Every structure is written in C-alpha cells, then in structure tokens.
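Subject: Structure for your files

Hello,

Here is the structure I said I would pass on. Please look it over before reading the notes underneath.

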Amino acid sequence: MIELIIVLIVMALIMETVDSSLGMMYGTLLSPILIGYGFEPQVVVPAILISQAIGGISGTVSHHRFENANFRGLTRDTKVMLAMVLPGLMVVTVGVFAAANLPKLWVKTYIGILVIVMSTLCLSPIKYKFTWWKHYAIGALAAFNKALTGGGFGPVTSTGGIIGGLEAKVSIATTTFAEVCICSASFIVYLFFVGVDWTFAISLCIGAFIGGIIGPYICSRVSHSGLRKSVGILGIVSGIWLLWRVLL
C-alpha cells in the first residue's frame, strides 16, 4: 500500500507540473494510464477530479504570483475564467450521467478526435476573433468532456483560447483556474452518485498540489510562441494517445 501511495503522489506531481505549465495533460493522460493499470474508472475519475481541483488551487495562486494572469478582482482574466466556468457548471451533471451510460469506445473516440483537431488548429496560423459567446461554448464543451472522462478539459480550453487570440500564458492560467470549479462540481456529483476511494484520492491530491506550485513558474519563463507550439504538440500527442488506447 505504501508503495502504491508513493507512486500515485509522484505521478500526480509530474502530471500537474505539466498541466499547470501548459494547460493540459493531467486527466487526459493520467486517467487512461491508471485505468490501463487495472484500476476501475469509478475509482480513478473522481480521484482525478478532486486532486486536479487541489492542484488547480495552488496553480492559480502561482500563476497570479508569476504574473501569467491577473486574478485580483473582476479583471478581464477573471472574466475569461468565468466565461468557461458558468456554462460549464450547467453541463457537468449531464457529463457524469453520460459517462455512466454511453459506450466507452464512443466517448474515447470523440475526445481523441476533438483534441487532435483543436490542437492542429492551435499549431496553424488560423485565429478567430475573441468573442464571449464562443468562449462560453468552449467552456461548456470542455466541462462536458471533463465530467465524462476525467480529462479533455485543458486541451479544449487552452487551445481554444489561443486560437481565439488570447495570450498563451493567459489561456493556460485561466484554464487552471476554471478547472478548480469544474473539477470540484464534477467531484461532488460523483461523491453523491458513485462514491470515492479516499486513500487513492488523497495520494493524488498531495502530488497535484506540489505540481501546481512548480508548473506556473515554468510557464512564466517560456515565450508565447513557444507555449503555443508546446500546447499544440502536446494536445495532438494526447489525442493520439487516447485513440491508440481505443484500438487496444
């Protein structure tokens, strides 16, 4: 048991460091890895949700501290975060119930294709003019993905924000902040309808909290173009990973 706890802490630390520095990969990779090792999805998904909420709290504070975004009051960055959270909170319950009823093959294929398309657009010179209603739609879609599988939020919101003209650091930081709310809401639904393995969840929370402190510092040291390329490439890799898991 001690060995398992240590492994979970280290895995969560690494994944949250990557996630809070590039805006994705915590649930998108950690969920299929843990399920692939034989853990039940009903154990993995709620543990990922609560641990990413905890990692998101430390990550949000660090992003603000390193000036990747300004969350002091109702700033534009705060409003960008709320534009994802408010519609997202309306769909998380739908996502949880869909997870319990839809074939896993459909779910994983859908997420994988969506992430690859969004990430490819992120690497291209294509941009659209930022509008609030488009960001509302991105938030709702990403929240549905998160509640459905435990992953798929960051790849959509980070790439979507960058394509929409947001500075890469702002898109990543607001995604980290938004995940606190979306993950917490999804976790509460799981808590009432599925249950939680607290040893598993707390182990991931410890690692994620530490990773959330480290990642934003890395983000603050990388240029916008470097972050955009990194987010795009990482998104494509995560999408291919999911599709590969479907074919196994």
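The notes below go from the whole chain to single helices and then to single residues.

Overall fold

Please keep in mind that this is a predicted model. The secondary structure consists of 11 helices and zero strands, so in sequence order the pattern reads α-α-α-α-α-α-α-α-α-α-α. The radius of gyration is 16 Å, close to the 18 Å that the globule rule gives for 248 residues, so the protein is as compact as a globular protein of that length. The C-alpha trace spans about 45 × 35 × 30 Å along its principal axes.

Of the 248 residues, 56% count as buried. The accessible surface comes to about 10,600 Å², and 72% of that belongs to carbon and sulfur atoms. Taking contacts between residues at least 6 apart in sequence, 83% join residues at least 24 apart.

Helices H1 and H3

Helix H1 covers residues 2-22. Its 21 residues should span 30 Å at 1.5 Å a residue, and its end C-alpha atoms are 30 Å apart, which agrees. The buried residues of H1 include Leu8, Met11, Ala12 and Met15, and also polar ones that you may want to look at, among them Glu16, Thr17, Asp19 and Ser20. Just after H1, Gly23 takes a positive phi of about 85°.

Helix H3 covers residues 41-65. H3 has 25 residues and reaches 35 Å from its first C-alpha to its last, close to the 36 Å expected at 1.5 Å a residue. Two residues of H3 were examined individually.

- Gln52 lies in H3 and counts as buried, because its relative accessibility is 1%. The side chain of Gln52 makes a polar contact with the side chain of Asp19, at 3.3 Å. Asp19 is itself one of the buried residues of H1.
- Ala53 is also placed in H3 and is buried, with a relative accessible area of 3%. Leaving out residues up to four places away in sequence, Ala53 touches Val180, Cys183 and Ser184. The C-alpha atoms of Ala53 and Thr176 are separated by 8.8 Å, although the two residues are 123 residues apart along the chain.

The loop after H3

Glu67 sits in the loop between H3 and helix H4 (76-89). Which sign does the phi of Glu67 have? The angle is positive, about 65°, although Glu67 is not a glycine. Most residues other than glycine have a negative phi, so this is a place to check by eye. Glu67 counts as exposed, since its relative accessibility is 71%.

Helices H8 and H9

Thr157 is in helix H8, residues 154-163. At 1% relative accessibility, Thr157 counts as buried. Not counting residues up to four places away in sequence, Thr157 touches Met84, Ile138, Ala142, Ser171 and Thr175. With Thr175 there is also a polar contact, side chain to side chain, at 2.9 Å. Between Thr157 and Ala143 the C-alpha distance is 9.4 Å, with their positions 14 residues apart in sequence.

Helix H9 takes in residues 168-193, and Ala168 belongs to it. Ala168 counts as buried, because its relative accessibility is 0%. The C-alpha atoms of Ala168 and Ser223 lie 8.5 Å apart, while in sequence the two are 55 residues apart.

Cysteines

How many disulfides does a search of the whole structure find? The search finds zero. Cys181 is in no disulfide, and the nearest cysteine sulfur, that of Cys183, is 9.4 Å away. Cys205 is in no disulfide either, and its nearest cysteine sulfur, again that of Cys183, is 11 Å away. Cys181 is partly exposed, with a relative accessible area of 26%, whereas Cys205 counts as buried at 14% relative accessibility.

Regards

Key: Residues are numbered from 1 along each chain as its sequence is written. This is a predicted model: local features need pLDDT of at least 70, side-chain atom pairs count only at pLDDT 80 or more; totals for chains, interfaces and linings use all residues. Side-chain values use heavy atoms; hydrogens and water are left out. Helices (H or I, at least four residues) and strands (E, at least two) are DSSP runs, numbered from the N terminus. Buried means under 20% relative accessible area, exposed over 50%, partly exposed in between (1.4 Å probe, protein chains only). A polar contact is a pair of N or O atoms within 3.5 Å; within protein, one must be able to donate a hydrogen and the other to accept it, and residues adjacent in sequence count only if both atoms are side-chain atoms. Contact means heavy atoms within 4.5 Å. A disulfide is a pair of cysteine sulfur atoms within 2.5 Å. The expected span of a helix is 1.5 Å times one less than its number of residues. The radius of gyration is taken over C-alpha atoms; the globule rule is 2.2 Å times the number of residues to the power 0.38. Accessible areas come from the Shrake-Rupley method with a 1.4 Å probe; for residues, only the protein chains shown count as cover.
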